[in-house]
Amino acid sequence: MIPRRFRVAARRRELADTVTLGLEPLDGEPPQFSPGQFDMLYAFGVGEAAISFSGAGDGRVEHTVRAVGAVTRALCATRRGDVLGVRGPFGAGWDVESAEGADVVIVAGGLGLAPLRPAVQALLARRERYGRIAVIIGARSPSALLFRRDLAAWSARADVDVAVTVDAAGRDWRGDVGLVTELIPRAPFDPADTIALICGPEIMMRFAAAALLERGVSPSAIRISMERNMKCAIGHCGHCQFGPDFVCSDGPVLAFDRVAPLLTLREV
């Protein structure tokens with residue numbers, strides 16, 4: 001429960017309201033995390049918020065933050081050299097190791113690509129252990145796409161299928177326009193031997209899972225990352241309860257067949 005002090009060693013603006021912070025500990029080693037886990041980032045004097053890991057390297061961990069409230073606005077306003085409090089890692093991750101030998105489908109909507117980025121990096125780091133890999137990404141517009149360098153690098157690979165769509169675009173956009181779920185029917189994977197990882201707005205995840213089920217993917221092979229208001233991160237306070245589960249400790253990554261009935265209910 002006691003935060004460690006981390007220095008903002010790098011700061012990269014992704015979108016007008018979104019930045020990626022590269023954090024390095026002032027003492028000790030950076031945390032060893034699994035893709036899909038999160039930290040509690042503490043802006044001193046303001047508060048803390050649960051932020052997923054979006055990458056790592058050079059003795060740093062990366063967190064991609066969108067300014068939507070007091071805490072996240074304070075985090076996005078930090079500069080290189082500033083100090084933040086960090087607790088974590090917390091939660092259940094994507095468990096990409098269990099997908100070895102199978103095809104893997106990644107479906108990301110908007111900021112949902114941030115928690116999935118480490119999963120893609122882990123898959124590509126051990127590419128020979130997996131079957132076909134399909135990365136399907138949706139955004140509001142071309143200007144709202146995250147990690148453009150990564151998208152270009154992934155798209156340039158012959159062993160990864162990357163598909164990107166946007167809700168609306170100008171005449172200079174040469175990609176798909178439409179819902180991210182519309183890309184799932186044509187994605188290259190074997191439904192009988194596929195693990196699917198989904199992160200994005202809740203309604204998007206529900207419809208993406210439905211499209212995967214229609215393709216023949218087993219409900220138990222679909223994993224989603226839930227988002228709730230997390231305060232303690234260890235399942236004590238109850239703020240993030242989702243049915244019988246606590247998103248902070250049982251999730252945020254949960255098997256779709258475990259939570260599917262709750263996704264149809266309002267205000268759960």
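These legends describe close-up views of a predicted model.

**View A. Helix 3 and its cover.** Helix 3 spans residues 148-155. Asp150, Leu151 and Trp154 are buried in this helix. Seen down the axis of helix 3, the buried residues fall within an arc of 100°, so they line one face of the helix. Their cover includes helix 2 (113-125). Strand 8 (133-139) and strand 9 (161-166) are also among the covering elements.

**View B. The loop before helix 3.** Phenylalanine 147 sits in the loop between strand 8 and helix 3. Its phi is near 50°, a positive value in a residue other than glycine. With 3% relative accessibility, phenylalanine 147 counts as buried.

**View C. A second positive phi, at aspartate 58.** Aspartate 58 is not a glycine, yet its phi is positive, at about 55°. This residue belongs to the loop between strand 4 and strand 5 (60-66). Aspartate 58 is exposed, with 76% relative accessible area.

**View D. A nonpolar surface patch.** Leu26, Phe44 and Val83 make up a nonpolar patch on the surface. Together they present about 240 Å² of accessible area. Phenylalanine 44 lies in the loop between strand 3 (38-43) and strand 4 (47-57). Its relative accessibility is 45%, so it counts as partly exposed.

**View E. Two cis peptide bonds.** Glycine 88 and proline 89 are joined by a cis peptide bond, with omega about 5°. Proline 89 is part of strand 6 (residues 83-90). Another cis peptide bond links glycine 251 to proline 252, with omega about 5°. Proline 252 is placed in the loop between strand 14 (245-246) and strand 15 (253-255).

**View F. Cysteines without disulfides.** The whole structure contains zero disulfides. Cysteine 232 has its closest cysteine sulfur in cysteine 237, at 3.8 Å. That is too far for a bond, because a disulfide needs sulfur atoms within 2.5 Å. Cysteine 232 is buried, at 9% relative accessible area. For cysteine 199, the closest cysteine sulfur belongs to cysteine 240 and is 15 Å away, again too far for a bond. Cysteine 199 is buried too, with a relative accessible area of 8%.

**View G. The salt bridge between arginine 186 and aspartate 176.** The side chains of arginine 186 and aspartate 176 meet in a salt bridge, at 2.6 Å from N to O. Arginine 186 lies in the loop between strand 10 (176-177) and strand 11 (194-199), and aspartate 176 in strand 10, so the pair ties together parts that are ten residues apart in sequence. Arginine 186 counts as exposed, at 53% relative accessibility. Aspartate 176 counts as partly exposed, at 28%.

**View H. A salt-bridge network.** Arg12, Glu14, Glu62, Arg117 and Asp150 are joined into one network by salt bridges that share partners. Within the network, glutamate 14 pairs with arginine 12, the closest N and O atoms being 2.9 Å apart. Glutamate 14 counts as buried, with 17% relative accessibility. Arginine 12 counts as partly exposed, at 35%. Asp150 also appears among the buried residues of helix 3. The structure holds 15 salt bridges.

**View I. The salt bridge between arginine 157 and aspartate 159.** Arginine 157 and aspartate 159 form a salt bridge, with 2.9 Å between the closest N and O atoms. Arginine 157 is partly exposed, at 31% relative accessible area. Aspartate 159 is partly exposed, with a relative accessible area of 31%.

How values were computed: Residues are numbered from 1 along each chain as its sequence is written. This is a predicted model: local features need pLDDT of at least 70, side-chain atom pairs count only at pLDDT 80 or more; totals for chains, interfaces and linings use all residues. Side-chain values use heavy atoms; hydrogens and water are left out. Buried means under 20% relative accessible area, exposed over 50%, partly exposed in between (1.4 Å probe, protein chains only). Helices (H or I, at least four residues) and strands (E, at least two) are DSSP runs, numbered from the N terminus. The arc is that of the directions from the helix axis to the C-beta atoms. Contact means heavy atoms within 4.5 Å. Patches are made of residues with over 30% relative accessible area and no salt bridge: like charges are joined within 9 Å, nonpolar side chains (Val, Leu, Ile, Met, Phe, Trp, Tyr) within 5 Å. Accessible areas come from the Shrake-Rupley method with a 1.4 Å probe; for residues, only the protein chains shown count as cover. A salt bridge is a side-chain nitrogen of Lys or Arg within 4 Å of a carboxyl oxygen of Asp or Glu.
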